[in-house]
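Here are a few friendly notes to read alongside the model. Take them one at a time, and keep the 3D view open as you go.

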Amino acid sequence: MRIKYYLNLWKEFTRLNIETWAEYRMNFIIGILAMFLSNFVSIVMYWTIYQNIVEINGWTFWQIVFLSGLAAISIGIWHAFLAGIAPWSFDKYLRKGGFDRLLVQPANPFLSLIANGLDYGGIGDLVAGIIITYYGATM
């Protein structure tokens, strides 16, 4: 019962975050595209290196692409869903009084902290990581 309540609450926080992001639509799109393209620029860099070298210490180009994709997925998950609980983000809550706001809410403060820390830039990392991992695994 309690888990269902928190899942519904997290879903509502996510909906509100998405509505907030949609207010600045181009910023939202550019943020996702920037993170998406940054992952593919690293693949181009790997490709450039591997044009002159067959393998590096036994690692082929597609193995490096696969590992790069896995790293992008993990960074994307952290960036999109868990960046709000990073230790370096607590100071903004303390200085601006946001921590007090979290403590007086009727919801669990940890859930509120996670839900308020959603970041759309990580979505680009996550999607690019999935695509890169897929191509790295199938080649």
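**Notes on the model**

1. Let us begin with burial. Of the 139 residues in the protein, 34% are buried. Please keep in mind that this is a predicted model, and that the values here are computed from it.

2. Next, the overall fold. The protein has seven helices and zero strands. Following the sequence from start to end, you meet the pattern α-α-α-α-α-α-α.

3. Now for the overall dimensions. The C-alpha trace spans about 60 × 35 × 25 Å along its principal axes. The radius of gyration of the protein is 19 Å, whereas a compact globule of 139 residues would have one near 14 Å.

4. It is worth asking how the chain meets itself. What share of the contacts with a separation of 6 or more comes from residues 24 or more positions apart? In this protein, such residues account for 74% of those contacts.

5. Turn to the surface and the charges. The accessible surface comes to about 9300 Å², and carbon and sulfur atoms contribute 71% of this area. The protein carries 9 positive and 8 negative charges, and the mean positions of these two groups are 10 Å apart.

6. The aromatic rings deserve a closer look. A pair of aromatic rings is described by the distance of the centres and the angle of the planes. Searching the whole structure turns up seven aromatic pairs. One of them joins Trp21 and Phe28, with 5.9 Å from centre to centre and 20° between the planes. Why is this pair called stacked? Because planes under 30 degrees apart count as stacked, and the angle here is 20°.

7. Are the two partners buried or exposed? Trp21 has a relative accessible area of 15%, so Trp21 is buried, given that buried means under 20%. Phe28 has a relative accessible area of 24%, so Phe28 is partly exposed.

8. Compare that with the rings of Phe36 and Phe40. Their centres are 4.9 Å apart and their planes meet at 50°, so this pair is tilted. Where do Phe36 and Phe40 lie? Both belong to helix H2, which covers residues 25–50, and they sit four residues apart, about one turn of the helix. Phe40 is partly exposed, because its relative accessibility is 27%.

9. Finally, look for a cluster of rings. Tyr50, Phe61 and Trp62 are linked into a cluster by ring pairs. Try finding Tyr50, Phe61 and Trp62 in the 3D view and tracing how ring pairs link them.

Technical notes
Residues numbered from 1 in each chain as written. Predicted model: local features only at pLDDT ≥ 70, side-chain atom pairs only at ≥ 80, totals over all residues. Heavy atoms only, no water. Phe/Tyr/Trp six-rings, centres within 6.5 Å; stacked < 30°, edge-to-face > 60°. Buried < 20%, exposed > 50% of the residue type's maximum accessible area, 1.4 Å probe, protein only. Helix = DSSP H or I, 4+ residues; strand = E, 2+ residues; numbered from the N terminus. Rg over C-alpha atoms; globule rule 2.2 N^0.38 Å. Contact = heavy atoms within 4.5 Å. Areas by Shrake-Rupley, 256 points an atom, 1.4 Å probe, with all protein chains shown as cover. Lys, Arg positive; Asp, Glu negative; His and termini not counted. Charge placed at Lys NZ, Arg CZ, Asp CG, Glu CD.
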